[in-house]
Amino acid sequence: MQTLGDIIEVHARTTPDRAAITLGDRTLTYDDLNRRTHRAAQVLFSAGIRPGDRVALLAENCIDYAVVCHAAARVGAIFLPLNVRLSAGELGWIIENAEATMVVAEIGYLPTLDLALAGIETRPKVLSLDGDAETDLPSRIGAAPAGPVEVDVDPNAAAMMMYTSGTTGFPKGVLFSHRAYFRLYDGLLQDGDFDTDDVVHLALPMFHNAGLNGALNTALYAGARVVIHRGSFTAPEILSQIEAHGITFGLWVPTNLAILLNDPGIGTYDLSSMRKVFYGGMTIDPGLRARAEAVFDVDFYQVYGSTECGNITILRPEDHKRLPPDVTGRPFGNVGMRVVDEAGRDCGEGGVGEVIVDASKGGMIGYWRNPSATAETLRNGWIYSGDLARIKPGGFIHVVDRKKDMIVSGAENIYPAEVEAVVMRHPDVAEVAVFGVPDATYGETVCAAVVTRAGRTLSPDDLDAFCLEHLARYKRPRRWVVAESLPRNAAGKVKKGELRAPYWDSGSADP
């Protein structure tokens, strides 16, 4: 295999009748998926799509997400997943910035897409992903030739463009090559124990890297079966899918696990097929993990990575059992990683520095048409992640925070993520975001915005007493804001800039 377009082809030759992908009562074998993807590639090619063109997709989780992604790869186009939670204005900005040649969209999102394209001078071609019109993709697939498109695709060329979430400014398009994705998939197979016999549950949005590449494409690369979940993550539906399809492998965030475990009917389902759970985005509470292990009898794998770097570290099942809960993981076997100080020197055990990744072994090509941002992130052959980590014994690290979020109070560096982890242990706290606010004496001091659990009450005095018990005095929040909710962007990340703005814009810690 050389390019993403080869993945399904290989398994269609060796195991054509193996189930590849399932949604509801519809299942495609590898042979079915291969034939459909070839026809979709013919549609794209006949519409004028050529190597390097950008093919965008605006859709929720569905079988044809895989079809469009791999069809684009077969004609050498750059696949561009679009977040369905974005506003029309945000979508329009990305589509115009990427100079998308074509946008394929589910029929329900066509009105939003029309608004998004309204101000774009060079309008991309638009195809509907569903419906029964002659102009939609399924109808064209049905009429397309069955054979492969004869296009030479460079393995080192960009296969996809993923836009960053834009929490600190305009989003940037991250270009990733076919070869770099293969290294990512190989790492997950070798260190993450993906197996051909796995039945992988895909509930993460496929417009995010974790859903599309961490789950879908890695499973297809392994020749496994993918069961797609579409819609809200509700316990009865997910538990029923595990039982009905014999799910062995779940890729969930800890919040998903809590939803499942808190369902009063969980004991009525046959969950004996489950063997592995991957999670990322946040550490898992030891109590939650113990409950999950008792119910599912599973092994846990924590994966840490970024859009620019790909997968960086993994915490395997045996590591979960012997290491403290704050450990993030150790580098994947095929990833080169260092933790360096401001001068670029490697940090020793206990030291905190920025995580950087060897670009020669994987990671991004660069940012789409943004040479200044590329030069800032990609330096001397290393990708600078912007994440700060502490070196732990045995080659492991603990990711403490984003570099840009670090609070400097007096002579002390304070990492909001560490403070947030403590505050979240308070039984009455549902959510928390920690950030720095101006202080006349120390330069910055710690502020925490908290959301209270339903039916509970919180007071700053209670929270302060709790933090004094579990945190160094200088790290504890000196200001507290009790909020109904935290502002989030379309990717679900807390917009700390919006929380900080009233304080810094006024130059005072009192908004």
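What volume does the largest cavity have? The answer is about 100 Å³, and the rest of this report looks at the walls of that space before turning to three helix pairs. Please keep in mind that the model is predicted.

## The largest cavity

Rolling a probe the size of a water molecule over the atoms shows where empty space is left. A search of the whole structure turns up two cavities of 30 Å³ or more. For the largest one, with its volume of about 100 Å³, 17 residues form the lining, and the closest to the centre are Arg183, Cys309, Asn311, Val335 and Gly362.

Which elements supply at least two residues each to this lining? They are helix α7 (178-192) and the strands β14 (310-315) and β17 (352-358). Helix α7 gives the largest share, with four residues. Sorted by class, the lining holds seven nonpolar, seven polar and three charged residues.

## The second largest cavity

The second largest cavity holds about 60 Å³ of space. If you would like to display its walls, select Tyr279, Ile284, Arg289, Gln302, Leu315, His320, Leu323, Pro324, Pro325 and Val327. Seven of these lining residues are nonpolar, two are polar and one is charged.

## Helices α1 and α2

Two packed helices are described by the angle between their axes and the distance between the axes. Let us start at α1 (residues 5-14) and α2 (residues 30-46), which pack with their axes 8 Å apart and at an angle of about 140°. Why do they count as oblique rather than roughly antiparallel? The antiparallel class is for angles over 145 degrees, so α1 and α2 are oblique to each other.

The crossing of this pair is left-handed. On the α1 side, Ile8, Glu9, His11 and Ala12 make the contact, and on the α2 side the partners are Tyr30, Asp31, Leu33, Asn34, Thr37 and His38. By class, the contact of α1 with α2 splits into four nonpolar, four polar and two charged residues.

## Helices α2 and α3

Helix α2 also packs on α3 (residues 63-74): their axes come within 8 Å and cross at roughly 55°. That angle makes α2 oblique to α3. The handedness here is right-handed.

From α2, the residues in this contact are Leu33, Asn34, Arg36, Thr37, His38, Ala40, Ala41 and Leu44, and they face Asp64, Val67, His70, Ala71, Ala72 and Arg74 of α3. Seven nonpolar, four polar and three charged residues make up the contact of α2 with α3. Leu33, Asn34, Thr37 and His38 of α2 appear in the contact with α1 and again in the contact with α3.

## Helices α10 and α11

Further along the chain, α10 (residues 254-261) and α11 (residues 286-296) have axes that come within 10 Å and cross at roughly 55°. This makes α10 oblique to α11. Is the crossing left-handed or right-handed? For α10 and α11, the crossing is left-handed.

Pro254, Leu257, Ala258, Leu260 and Leu261 of α10 meet Leu288, Arg291, Ala292, Val295 and Phe296 of α11. In this contact, nine residues are nonpolar, none is polar and one is charged.

Key:
Residues numbered from 1 in each chain as written. Predicted model: local features only at pLDDT ≥ 70, side-chain atom pairs only at ≥ 80, totals over all residues. Heavy atoms only, no water. Axes fitted to C-alpha atoms, helices over the stretch in contact; angles between N-to-C directions. Parallel < 35°, antiparallel > 145°, perpendicular 65-115°, else oblique. Left-handed = near helix turned anticlockwise from the far one by under 90°. Contact = heavy atoms within 4.5 Å. Nonpolar A, V, L, I, M, F, W, Y, C, P; charged D, E, K, R; others polar. 1 Å grid on protein atoms, 1.4 Å probe; cavity = no way out; pocket = protein on both sides within 12 Å on 5 of 7 lines; lining within 4 Å. Points joined across faces, edges and corners; volume = space filled by probe spheres on them.
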